[in-house]
Amino acid sequence: MTRSPKTRDKAVDPVRAAARDTLRAVRTRDAYANLVLPKMLRDRAITGRDAALATELTYGASRAQGLLDAVIAAAARRPVDEIDGDVLDVLRLGAYQLLRTRIGAHAAVSTSVDLIRSEMGMGPAGFVNAVLRKVSQRDEELWIDELAPSIADDVIGNLAFRYAHPRWIAEVFDEALGGSAGRLQAALAADDDRPPVHLVARPGLITAEELALVSGGEVGRYSPYCVYLPGGDPGDLDAVREGYAGVQDEGSQLVGRALTVADVADDAGRWLDMCAGPGGKAALVAAIADIDGAHLDAVEVSEHRAELIRKVVRDLPVEVHVADARASGLEAGFDRILLDAPCSGLGSLRRRPEARWRRRPEDVPGLVTLQRELLTEAFRLLRPGGVVVYSTCSPHPAETVEVVADVLAQHPDAEQVDARPLVPVPEAGPGPHVQLWPHIHGTDAMFLAALRR
């Protein structure tokens, strides 16, 4: 007889149950782990060290999925697509604990067996036990030696496997980094690591120094608004709850700041954020606009995301427009335009661990078309002497330098401005654009170009 969910879950570890249920939501509903897990932890009153462990297991298993699946398939002697999805979720959690944490093998295996037994009975539990015991016979390095392509014959394939990236993404990184195996390894390793939390201090409300003091964090290296949070839930901070600060990668902060410091003669204070949802960059730009006496128009095609913008820019000089930015109906003549274009998100994979396994190469061409159309419209809306800052959270050349080159070729009245003085980081590249990297700057892999009409 099948037991009720409440009865079934009594014997299982609630921390691992939360991780399992999050992985299941990601797999079955295309959910995002960073949205599902925090709410689940709150609803189940999982806090402190237990919450930290649930986060580590969930994000870690999501991030390493490709490597884990190869190991599981070898240990089970069958492809993972022949394994029941609910069983596979638990196998991934167990394999991650065995290969990439200091959790003892007995605890990793027994808690995984309990998760399956509580829901599916002894048969599947025996299968999980056998597979994970086989996994535990080798450490990660030995499994990589057995399963990864030879580094002598296939450097990119070996590094992609070792650092849990689809091969096509490793190839994109390799192209963007100029074909250096050493740089590629450093980039993939940084992308495979757990990222730190970056806070943004809202200009005019709190300084980075004050935010560091009240949060126990450290002032950032590059953005004058950034604080590195050493640990804990940023949502527990009074400064975040009260709107004095937010969670935002330092690279994104640098993009927003670049728009506001670009040289624009006779700035009349008409600023535009063309793709503003969910509002992080808009909030930073709007806070600076408030100080400078400017006004920001923020365009977002989704009503839901537009509402998120309204919440974070309350009491700031912002008008939110729900429209397709390619046909917003706004009157031309803007002084500064931020186009943080929809993109593949390959530059933020460390913060969205499941995304690397969802994206496909065939996703990119449609995004590139959209990016070109948006940048073309940005030039139409820009006044002579104004500046467009074009950014993507992707280092893919097709989404970055190639989009800029194509649009510049269509607009003889456009020129590319050297963006490096706008972004105070070392190793910003040869210019005129800036490409940030996790392994160099500790930020997401943000791309930024500045163009003047």
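Here is a friendly conversation about strands, cores and an annotated site in this structure.

Trainee: What kind of model is this, and how are residues numbered?

Mentor: This is a predicted model in which local features need pLDDT of at least 70, side-chain atom pairs count only at pLDDT 80 or more, and totals for chains, interfaces and linings use all residues. Side-chain values use heavy atoms, leaving out hydrogens and water, and residues are numbered along each chain as its sequence is written, from 1.

Trainee: In which sense do strand 5 and strand 6 pair, and over how many bridges?

Mentor: Helices (H or I, at least four residues) and strands (E, at least two) are DSSP runs numbered from the N terminus, and two strands pair if DSSP finds at least two bridges between them. Tryptophan 271 stands opposite leucine 296 in strand 6. Strand 5 (residues 270–273) and strand 6 (residues 295–300) pair in the parallel sense, over 4 bridges.

Trainee: Which residue of strand 8 is the bridge partner of aspartate 273?

Mentor: Strand 5 also pairs with strand 8 (residues 334–340), in the parallel sense over 3 bridges. Within strand 8, the bridge partner of aspartate 273 is leucine 338.

Trainee: Is strand 12 largely enclosed or not, and why?

Mentor: Buried means under 20% relative accessible area, exposed over 50%, and partly exposed in between (1.4 Å probe, protein chains only). Both faces of strand 12 are covered, with Phe447, Ala449 and Leu451 buried on one side and Leu448, Ala450 and Arg452 buried on the other. Because 6 of the 6 residues of strand 12 (residues 447–452) are buried, this strand is largely enclosed by the rest of the structure.

Trainee: How many bridges join strand 9 to strand 12?

Mentor: In strand 12, leucine 448 is the bridge partner of serine 391. Strand 10 (residues 415–417) runs antiparallel to strand 12 and is joined to it by 3 bridges. Strand 9 (residues 382–392) and strand 12 also run antiparallel, and the number of bridges joining them is 6.

Trainee: Which helix supplies the largest share of the largest nonpolar core?

Mentor: A nonpolar core is a set of buried Ala, Val, Leu, Ile, Met, Phe, Trp, Tyr and Cys residues joined through side-chain atoms within 4.5 Å. The largest one has 47 residues, and those with the most contacts inside it include Phe173, Leu272 and Tyr390. Elements supplying at least two residues each include strand 8, strand 9 and strand 12. The largest share, 7 residues, comes from helix 19.

Trainee: Where does glycine 277 lie, and is this residue buried or exposed?

Mentor: The UniProt annotation "binding site", from an unreviewed entry, covers residues including Gly277 and Gly280; UniProt positions are given in the numbering used here, feature names are shortened, and annotations may be inferred rather than shown by experiment. Not counting residues up to four places away in sequence, glycine 277 touches Glu300, Arg305 and Ile309, where contact means heavy atoms within 4.5 Å. Glycine 277 lies in the loop between strand 5 and helix 16, and its relative accessible area of 13% makes it buried.

Trainee: What is the relative accessible area of glycine 280?

Mentor: Glycine 280 has its place in helix 16. Leaving out residues up to four places away in sequence, glycine 280 touches Arg202 and Gln248. Glycine 280 is partly exposed, and its relative accessible area is 30%.
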